[in-house]
Every structure is written in structure tokens, then in C-alpha cells.
Amino acid sequence: MSETIRAEEGTGTPAPAAVRTVPLSRGLSTKLLLLTIVFVLLAEVLIFLPWIASYRLNWLKERLSTAAAVSIVLVQGESTSLSRTAQNDVLMAIGAKAIAVRDGGVSRLLVVAEMPPQVDEHIDIASIGMIKGMTGALDTLFFGGKRMLRVFGPVGDSDKEFELIMPDNSLRNAMLRYSRNVAFVSLLISLFTAMLVYAAIDLIMIGPIRTMTRSMLSFSEAPDDPGRIIHPAARADEIGVAERELSQMQERLQKMLSEQKHLADLGLAVSKINHDMRNILASAQLMSDRLRQVKDPTVQAFAPKLLRALDRAVSYSEGVLHYGRTQEPPPSRRRLRLRQLVEDVHGLLDIDQGIEFVNAIEPAFEVDADSEQLFRVLTNLCRNSVQAMAADKESALVRRLAVSAVRLGSVSRIVVTDTGPGLPPKARENLFAAFRGSARSGGTGLGLAIAHELIRAHGGTVELVESIGGRTTFAVTIPDQPVRLDQARNGLRRPA
């Protein structure tokens, strides 16, 4: 009946399985069974108090009624006509010491065996209520057995009041027998109820919870195995909701682990080629430096752009490696002339003759940002637009990529607009998620993910303003660096 949980720990070579066993005495099923028994017994105890009080009262009424019947016979005849032996037999049958009757305020002793020296308790049958009856019953049950009682009260419709002098040992013994029988029956009821409740709750709750627990343990051993995901039952209660949420959580976790593994593999692959790539690019830089010595005007015009492209290629290889390790450096912000930066982006793009590039930024427009990081952001956005429009081969289509900017107070807003086919719904849903937000087949979606991370480090945002057939607009918002109060005060104190 015990539940066994196996957990394998360690990485690399599999470690021995650690077995953890939940004893039967500490299992949920046993706790539920014991609690049900205890609660039912507690309810039986609460019910037992009025029961035992009622039993005591009925027992006294029964003895008083018998005494009343004997008293009526004796009142109509001569009590002295009964011999001592007969009187003792009558009192012994009732369990009393004496019988008396009060009529019209006059008491008359009818039968007496021996008059006790004192009476310990006077019980008026007519005045016993619920609370008084329960306290009296508990007092007799726990402390009685050696007391002398005087029980009196009317019987039936008679106007006479009958009295009975008797010890309470017989009453206490009867109450003990009754209590023992009630306790035995209550225990049987508790066990039967507990078994029914246990069977019902085990079927409705404990069983499904045990299934979810096993599913979580099994999933933790191999989270990449789709067969370890729990299959929720078609239930509309809380257990059904928990099973469905667990199933969805396991599916999301499995996708997340797959993406993380993909990122780890990407970082590992980039780290392997990064060293050789930098050596190759260094050689290309040396050869490009020699191109500057060529007097040809065309070579002189393109050589600086080639050198900047090679420098950025080295930076990109390191940046991709940093992204795989989630170690993107903080931005080194300066005042930039945005139009010149956009021209550099234009020079790096592979734009065919059918695509028009419009740099609509004012020459004096400035932005507070890291030049390399903002270059990467705009390059990713513009390259995505060019790739989307390059797929359209129809000559009559307008294919235009425009970059504009506007300043709103201390915030710069850069807008990249193209006339491409727009983003598909899947790409819009996972816009900035790596490996899920790609708009084209075979894409990784890393460009938008990197752009989002870089702009967020600037305290800004990248958002998709609109995406319909023939118009897609991205907006990059970058606030200026906040000025510290102490620096502003020091600047004001400097002499002009």
C-alpha cells in the first residue's frame, strides 16, 4: 500500500536511483481514513450527550411510574396488609429504599425497607431541561454509584406527586452499559462511513492527485520526451483544471527546453567557429588596408565602407556569441547623427534595383544611443524588409523601404516602413521570440529578438505599428539618457 517515488539525480553518467518510500502510516489515504474516523466519532460524541441525558431521564421516569402504580394499589388498600417480605420484594423490584406519595400537600410513606440517613441529590422529573439533563447525566456517569437519590414528580395525568428514594448504582450501571453499546455502534458507523468516504475521495481526488504526482516525477526524468506529458481527463472540476494546466505547463516547458537547447547548440557552434572566423576577417582587413593605397577613385570610395563592414562583421560574430550566452554588453551611449548611420545601413544592405531606399531623416537629427547597437537594430529591421520585398518578383509592385525619425521631447522615434506583403499571423504572435518569430521559411527570428533586447537595454521599445498587405511599419523608441541632478548642478556652477 505504500507509494514509491524514484528520482535519478546527476548529469553525465547516470547515478544510482534513489528510492523514497512513503510509509502507509504517512500516506494521504491513511490520513484521510483516520481523520474521517476521528471526525465521525467526534460527531457521535456530540450526539451522545443528549442521548445519555434522555436515557437517564427515561430510566428515572420508568422507575417512578412503577412506583406510582404500586402506590395507587397501596393507597386504595392497607399498606400494613403487606408483610415485610412483600414490601422488600416490591422495593427490590423497583430498586428503591422507600416509596411515598404527596396528595394535597400531605406526604404519606407507603413502603419503606430502610430509611437512609441522608439523601445526596433531589431530582425533580418535571424540571429537568436539556442542559441540566446532560450535566446530571455526566455527573452520574463519572462520579455516581454511591449516592442516594430522591426522585419525585407527577406521573401521567394524576394530580398526586410520587416520591422514590433509591441509590444510583443501578442507574449508573445501566448508563455504562448503554454508553458501551453506543460506543460500539458509533465505532462501527465511523469505520463504515470512513471506508465509504475514503473510497469516494480516493476515486475522485487521491487517485488523480497520485496520477499527477507520478506524471510530474516521470516528466522530470525526461522532460524532452513527449510521451511523459500527462493526458488530462475530461473533468470540469478543480482536478480537471489542475490536470489541464499541468499538461499545458509541461508542453510549454518542453518547448522552452527545446528552444534553450537550440540556443545552447547555437552558442556552442558559434564559439567553435568564432576563432577561425576572426582570423579570416583579420586577413581580409589587412588586404582591405592595402586597397587604400590604390589611387583608383572607385576603390577609394568603397574601401572605407569595406573596412567598416569587416569591423562590424567581427563585432557581429562576437555579438552572436554573447547573445547565446545572454551576455549582451550594456550600451555605450553617445550623440549620433542618425542620417549618417542610416546611410551606413543602406550601404551594407544587398538591395537590388527594383527596391527603392528612402532615407527621410533630417541631416541635423540627433539620437542618444550606442552607435554599434543601433546600427545592428536598424540593419536587422531593414534586412527583414528587403528580404520580404525581394520575394515579390512582379515588376508592377511598388517596393520601397523608408526610414524616418521624429523627436517628441526627450524621446526619439525611428520609423521603418516597407511596402512588403506584411507579417503572417504566426510571426505577429511570436514577434520577438527567438526561433519562433521568423516571417519567412528557414528564418530563425533572431534579428527581431536581438533588436528587442538591444533597444530594451536603452530603456526604449521596438513595436510593430501595423502590418497589412502593402505596408509594414516598425517603430523604435529611444529616450535620452536621464541627467543626474548632481551633474546638472555642477554644470550650472561652472563659469561661462
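Let me begin with a definition: a residue is called buried when its relative accessible area is under 20%, and partly exposed when that value lies between this cut-off and 50%. Pro116, with a relative accessible area of 14%, is therefore buried. I should also say at once that what we are looking at is a predicted model.

Let me stay with Pro116 for a moment. Pro116 is located in the loop that runs between strand E4 (106–112) and strand E5 (121–124). Leaving aside neighbours within four places in sequence, Pro116 has contacts with Lys97, Met148 and Ile165. The C-alpha atoms of Pro116 and Pro167 are 9.6 Å apart in space, with the two positions 51 residues apart in sequence.

Now to the chain as a whole. The protein chain contains eleven helices and 14 strands. Of its 496 residues, 34% are buried. The exposed surface amounts to about 29,700 Å², and carbon and sulfur atoms supply 58% of that area. As for the contacts with a separation of 6 or more, 65% are between residues 24 or more positions apart.

I turn next to the nonpolar interior. Which residues touch the most other members of the largest nonpolar core? They are Leu338, Leu374, Leu378, Leu401, Val403 and Val476, in a core of 37 residues. Several elements each supply at least two residues of this core, among them helix H7 (338–348), helix H8 (371–390), strand E11 (400–408) and strand E14 (471–479). Helix H8 gives the largest share, with eight residues. There is also a second, separate core; it has 32 residues, including Ala68, Ile99, Leu110 and Leu171.

Two members of the largest core deserve a closer look. Leu338 lies in helix H7. Its relative accessible area is 0%, so Leu338 is buried. Not counting residues up to four places away in sequence, Leu338 touches Ile361, Phe365, Val367, Leu374, Leu378, Ala405 and Ile414. Between the C-alpha atoms of Leu338 and Ala369 the separation is 9.7 Å, and these residues are 31 apart along the chain. Leu374, for its part, is in contact with Leu336, Leu338, Leu341, Val367, Ala369, Ile414, Ile455 and Ile478, again leaving aside neighbours within four places in sequence.

Helix H10 comes next. How do the expected and modelled spans of H10 agree? At 1.5 Å a residue, its twelve residues should span 16 Å, and the end C-alpha atoms are 16 Å apart, which agrees. The buried residues of H10 are Leu446, Gly447, Leu448, Ala449, Ile450, Ala451, Leu454 and Ile455. Just after H10, Gly459 adopts a positive phi of about 80 degrees.

For contrast in accessibility, consider Leu397, which is found in the loop between H8 and E11. Its relative accessibility is 40%, so Leu397 counts as partly exposed. Leu397 and Gly420 are separated by 23 residues in sequence and by 9.3 Å in space, C-alpha to C-alpha.

Another buried position is Leu164, in strand E7 (residues 161–167). Its relative accessible area of 0% places Leu164 among the buried residues. Not counting residues up to four places away in sequence, Leu164 touches Arg63, Leu64, Ala67, Ile94, Ala96, Ala98, Ile99, Leu149, Arg150 and Val151. From Leu164 to Ile123 the C-alpha distance is 9.9 Å, with a sequence separation of 41 residues.

I close with the aromatic rings. How many aromatic pairs are there? The count comes to one. Why is this pair, Tyr55 and Tyr178, described as stacked? Planes under 30 degrees apart count as stacked; the planes of Tyr55 and Tyr178 are at 10 degrees, with ring centres 4.4 Å apart, so the pair is stacked. The pair links distant parts of the chain, since Tyr55 is in helix H1 (residues 28–76) and Tyr178 is in helix H4 (residues 169–221), 123 residues apart. Tyr55 is partly exposed at a relative accessible area of 25%, and Tyr178 is partly exposed at 24% relative accessibility. Finally, the charged end of Arg150 sits over the ring of Phe152, at 4.2 Å from the ring centre.

Conventions:
Residues numbered from 1 in each chain as written. Predicted model: local features only at pLDDT ≥ 70, side-chain atom pairs only at ≥ 80, totals over all residues. Heavy atoms only, no water. Helix = DSSP H or I, 4+ residues; strand = E, 2+ residues; numbered from the N terminus. Buried < 20%, exposed > 50% of the residue type's maximum accessible area, 1.4 Å probe, protein only. Contact = heavy atoms within 4.5 Å. Areas by Shrake-Rupley, 256 points an atom, 1.4 Å probe, with all protein chains shown as cover. Core = buried A, V, L, I, M, F, W, Y, C linked by side-chain atoms within 4.5 Å. Phe/Tyr/Trp six-rings, centres within 6.5 Å; stacked < 30°, edge-to-face > 60°. Lys NZ or Arg CZ within 6 Å of the ring centre and 35° of its normal. Expected span 1.5 Å × (residues − 1).
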